[in-house]
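This briefing concerns the open and enclosed spaces of one protein chain, its long-range and local backbone features, and a few individual residues. Please consult the sequence and structure shown here before reading the points that follow.

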Amino acid sequence: MDILTLLEAGQAEDEFGRIMSNPLAQFGRPDKPFLGLRLMPERLVPLNQYTEEKINYRTVIANDATDYSPVQIKGSALVGSFDVKLRNSDIGAEFKSSDYDALLRILRRYQDMDMPMEAMARLLDWVDKSLNMPLTIKNEKMIWEAIVDAVIKRRGDNNYEEDVILPNPAGHRVAAGGDWSDDDYNPFDDLYARQQFMADKGMDIIRNIASTSVVNKLVNNAKVKTAVGGFVTVSGSGALMGANGRVTLEALNAYLAQDKIAPIQKYDRKYQDQVGSHRFLKEDVFVSIAETDQSETIDMGDDEPLTIDETLGYVGIGTPSGYSDPGKRQLLKLVDGKAPHIEGQAWQQSLPVNQNPEAVTVITDIQ
């Protein structure tokens, strides 16, 4: 079997299509999860432009009434709607000559026309890492922009720029009240203020997410150490004299749990571009997510559907140009010549849709 036959066999049996449509790929590996896509999973949508009207419906209390009085129709109080227009993103990659030669060596060991599983597995692994995952990473990046800033910044070739403005309720994104690295400032003032802000809206925070840098500022702050127990030696004047131990995130979370504050989870995953590595979640923010009644059911094919509770919304995956069904698309092409290689392309129409914008609050500009 030659490489062209291998490519044709993979296309005929839809091996590459299955890689692109694998619903579990969006969540990453257990040791390196994509937290954003846990909050806003990918969902196939029939249209590339539509109005999402299920934006944070609030439940209205039932009426008091007599036995025979007519029912008083109230309905639910709709916070708002959002005009969704999915955007295109794409990736191109090369299965380089050195990889090509390695694939040829595998194929030469086979004399019949059966598909060599070792060769196909290597090619599928490349499709997943070089074509499928870049699209997933793009969606994860957009989710965190939607959560932290409520603005998705699109930047492309030929000076293409577009800012997609998302619903941003007043008061949900605020700067830190002081410098968390300053031992004279108490970061708990900011955390408890956000807790109270959401409680006043009838919302319970169930997730707190921050970078290691922000967590370190918390656990190294003198006032936090005093409260949690790391700083225990105090002079007669009340001044802090020294640390008898360090405060761990585990100890901090145990302390916060006494006031029913959700534990803090670190998130430091990065993505690569031509310039270097960048964080999905900004290094200087503290994100809190409130409880929602939203859930997403993911079709697992022949297996039982996967239901994810407490989601904020979803990433709409639409229909690329020239196709009739929604989904991510790929194309592989053999390029012959002096340096033979395989060229791959993948593309999608997608956009995060936060159906619960009031369930997010963010402390920004943490120093």
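Helices and strands are DSSP runs numbered from the N terminus, a helix having at least four residues and a strand at least two. The model is predicted. Its largest pocket holds about 1,400 Å³ of space, and helix H5 (117-148) is one of the elements that line that pocket. A search of the whole structure also finds two cavities of 30 Å³ or more.

**Largest pocket**

- The lining of the largest pocket comprises 37 residues, and those nearest its centre are Asp90, Ile91, Pro134, Lys138 and Gln272.
- At least two lining residues come from each of helix H2 (15-20), strand E1 (28-29), strand E6 (87-95), helix H5 (117-148), strand E7 (151-156) and strand E14 (270-272).
- H5 provides the largest share of this lining, with ten residues.
- By class, the lining of the largest pocket holds 16 charged, twelve nonpolar and nine polar residues.

**Second largest pocket**

- The second largest pocket contains about 510 Å³ of space.
- Its lining consists of 22 residues, with Ser21, Pro23, Glu42, Leu44 and Asp299 the closest to its centre.
- Two or more of the lining residues are given by each of strand E3 (42-44), H5 and strand E17 (295-298).
- Nonpolar and polar residues number eight each in the lining of the second largest pocket, and six residues there are charged.

**Helix H5**

- The 32 residues of H5 should span 46 Å at 1.5 Å a residue, and the 44 Å between its end C-alpha atoms therefore agrees with that expectation.
- A bend of about 40° occurs in H5 at Met133, with a proline, Pro134, following within four residues.
- Pro134 is also among the residues nearest the centre of the largest pocket.
- Glu145 belongs to helix H5.
- Glu145 counts as buried because its relative accessibility is 15%, and buried means under 20%.
- The side chains of Glu145 and Lys141 make a polar contact at 2.9 Å.

**Cavities**

- The largest cavity has a volume of about 50 Å³.
- Its lining is formed by Leu191, Arg194, Gln195, Ile205, Asn208, Leu256, Ile261, Phe286 and Ser288.
- Helix H6 (188-200), strand E10 (205-210) and strand E16 (286-290) each contribute at least two of these residues.
- H6 contributes the most to the lining of the largest cavity, namely three residues.
- Five nonpolar residues, three polar residues and one charged residue make up the lining of the largest cavity.
- The second largest cavity encloses about 30 Å³ of space.
- Ala146, Leu166, Pro167, Asn354 and Pro357 form the lining of the second largest cavity.
- Four of the residues lining the second largest cavity are nonpolar and one is polar, with no charged residue.

**Positive phi values**

- Most residues other than glycine have a negative phi.
- Ala150, located just after H5, adopts a positive phi of about 60°.
- Asn159 is not a glycine, yet its phi is positive at about 60°.
- The loop between E7 and strand E8 (160-165) contains Asn159.
- Asn159 is exposed because its relative accessible area is 75%, and exposed means over 50%.
- Lys260, likewise a residue other than glycine, has a positive phi near 55°.
- Lys260 is placed in the loop between helix H9 (249-257) and strand E13 (264-266).
- With a relative accessibility of 73%, Lys260 counts as exposed.

**A contact between distant parts of the chain**

- Gln367 is found in the segment after strand E22 (360-364).
- The relative accessible area of Gln367 is 48%, so this residue is partly exposed.
- Although Gln367 and Asp179 are 188 residues apart along the chain, their C-alpha atoms are separated by 5.1 Å.

Conventions:
Residues are numbered from 1 along each chain as its sequence is written. This is a predicted model: local features need pLDDT of at least 70, side-chain atom pairs count only at pLDDT 80 or more; totals for chains, interfaces and linings use all residues. Side-chain values use heavy atoms; hydrogens and water are left out. On a 1 Å grid over the protein atoms alone, a cavity is a set of points where a 1.4 Å probe fits but cannot get out, and a pocket is an open set with protein on both sides within 12 Å along at least five of seven lines; lining residues have an atom within 4 Å of a point. Grid points are joined across faces, edges and corners, and a volume is the space filled by probe spheres set on the points. Ala, Val, Leu, Ile, Met, Phe, Trp, Tyr, Cys and Pro count as nonpolar, Asp, Glu, Lys and Arg as charged, and the others, Gly among them, as polar. The expected span of a helix is 1.5 Å times one less than its number of residues. The bend at a residue is the angle between axes fitted to the seven residues ending there and the seven starting there. Buried means under 20% relative accessible area, exposed over 50%, partly exposed in between (1.4 Å probe, protein chains only). A polar contact is a pair of N or O atoms within 3.5 Å; within protein, one must be able to donate a hydrogen and the other to accept it, and residues adjacent in sequence count only if both atoms are side-chain atoms.
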